[in-house]
Amino acid sequence: MPIKRILIANRGEIALRIHRAAHEMGIETVAVHSTADAEAMHVRLADHAVCIGPPAASDSYLNIANIISAAEVSHADAIHPGYGFLSENARFAEIVEAHGIAWIGPKPEHIRTMGDKVEAKRSAGALGLPLVPGSNGAVSDIGEAHEVAARIGYPVIIKAASGGGGRGMKVCESADQLETLMRQAGSEAKAAFGDDTVYIEKYLGNPRHIEFQIFGDGRGNAIHLGERDCSLQRRHQKVLEEAPSPVLSSEERDRMGTICAKAMADMGYRGAGTIEFLWEAGEFYFIEMNTRLQVEHPVTEMITGVDLVREQIRIAEGEDLSCAQEDITFRGHAIECRINAEDAWTFAPSPGQVTYYHAAGGMHVRVDSGLYAGYRIPPYYDSMIAKLIVYGRNRDRCIMRLRRALEEMVVEGVKTNLPLHQALIQQEDVLAGEYTIKWLEDWLGRREA
Ligand code: ADP
């Protein structure tokens, strides 16, 4: 069924991103916002706007009752959750569907399965994805923990089944630490996520983070749109992403992409998803699947020409995938810099009023942002204020253009991490594409010393 009016249950650049795709399809949009976001760009541009509560996310962007009421009063016939907030909340997806509103996202049961890391790993294994060696499901007793760790070899990582956002993980170097760390991991997981279930896997020493973008129609057809390399991370938060990965051959991309697409087809997966792997010594190891659009999706759009949000909306309308695997071609190279309102070197958040703003432009430069001069960045939410995405016919051209675009970008009134990105793309290892998930923190440590 064609969608006429989408309620966007999110804020910031992603709300704007969804609004843009909707308007290009002739679909109206409803912005929902907290009182702190009344002046936000997504609220200004949307066709309708509904205030859903006070600044705290738990009272507004996570407030299911208020969002559903907003959809009813504004006669929205679909909800797009963006990323974060309620995007991976299976119960929210069920409630939306129970109200006869189209959910622009995966089937609730798939969101639920992939949200539980033990279940996710079990399904991924059953679907033929390569796993990090580890326990077969949850580990509750210390004897079993010792057996698993001895079998896979130290170091191991103890992970919370309900963990997320880089939290709820403990690295264990040797058998004498195992009992203490297992106990700590369990009680911390209980406190943070209300669930003390933990599992064990081999700790990979120096991997890259490589993820595949997939799309399913929910009826047994699925495609992949290649990979993104998101190894440049600080505290498990991605800082800069690129596509394609500097280390994958096109044969490897085809091989792994095909495995991912087949797994999603077999599962009957619907909509956009990302399968995340650690990659070390030429081998892939599944870590998790995100059942939503990712922050870094534009780099995939730049090299494939596919509008991923448009595709999500089409699938929610019950349409077929707009292209078959053989229609997908990868051209050139794209890099995304996440621009945050924070001190570039201490990472202390820097909310406040933007006094001057100039976005980079020119050929193959894309800025996804709700910033404008005079905008007051609220202190209540994520510090990401813009994404700068640059394309080039090859990686060298892309980097030269990124350097130029970073010179042009001006944000005054608050601190930003633009200087971090400017320094980052001068580094030999980054220029050579030789970095792992440890690289950025090691480099920051060396800079400080
Ligand atoms: P979250 O859901 O919290 O993001 P993930 O399972 O995706 O958790 O892991 C987040 C990050 O933790 C990975 O990108 C990687 O940096 C690190 N990590 C996770 N599992 C392992 C492992 N087995 N070995 C080494 N590092 C790991």
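At what angle do the axes of helix H7 and H8 cross? Here are a few notes to help you find your way around; keep in mind that this is a predicted model.

1. To take that question up: the axes of H7 (residues 142-152) and H8 cross at roughly 135°, and they come within 10 Å. Angles over 145 degrees would count as roughly antiparallel and 65 to 115 as roughly perpendicular, so H7 and H8 end up oblique to each other. As for handedness, this crossing is right-handed.

2. Who does the touching? On the H7 side, the contact is made by Ile142, Ala145, His146 and Ala149, and on the H8 side by Ala175, Leu178, Glu179 and Met182. Sorted by character, the residues of this contact come out as six nonpolar, one polar and one charged.

3. Now for the sheet. It's an open one, built from three strands in the order S7-S6-S8, with antiparallel pairing. S7 (169-172) and S8 (198-202) are the edge strands: each has a single partner, so one side of each is left without a neighbour in the sheet. On average, neighbouring strands here are turned by 25° against each other, direction ignored.

4. Have a look at the S6-S7 pair too. S6 covers residues 156-160, and four bridges join this strand to S7, the two running antiparallel. If you want one spot to click on, try Ile158, whose bridge partner in S7 is Lys170.

5. Finally, back to H8 (residues 175-193), which packs on the sheet and touches S6, S7 and S8. The direction of H8 makes about 175° with that of S7. So H8 is the piece to follow by eye: this helix packs on the sheet and also crosses H7.

Notes. Residues are numbered from 1 along each chain as its sequence is written. This is a predicted model: local features need pLDDT of at least 70, side-chain atom pairs count only at pLDDT 80 or more; totals for chains, interfaces and linings use all residues. Side-chain values use heavy atoms; hydrogens and water are left out. Two strands pair if DSSP finds at least two bridges between them. Axes are lines fitted to C-alpha atoms, for helices over the stretch in contact, and angles run from 0 to 180 degrees between N-to-C directions. Contact means heavy atoms within 4.5 Å. Angles under 35 degrees count as roughly parallel, over 145 as roughly antiparallel, 65 to 115 as roughly perpendicular and the rest as oblique. A crossing is left-handed if the near helix is turned anticlockwise from the far one by less than a right angle, and right-handed if clockwise. Ala, Val, Leu, Ile, Met, Phe, Trp, Tyr, Cys and Pro count as nonpolar, Asp, Glu, Lys and Arg as charged, and the others, Gly among them, as polar.
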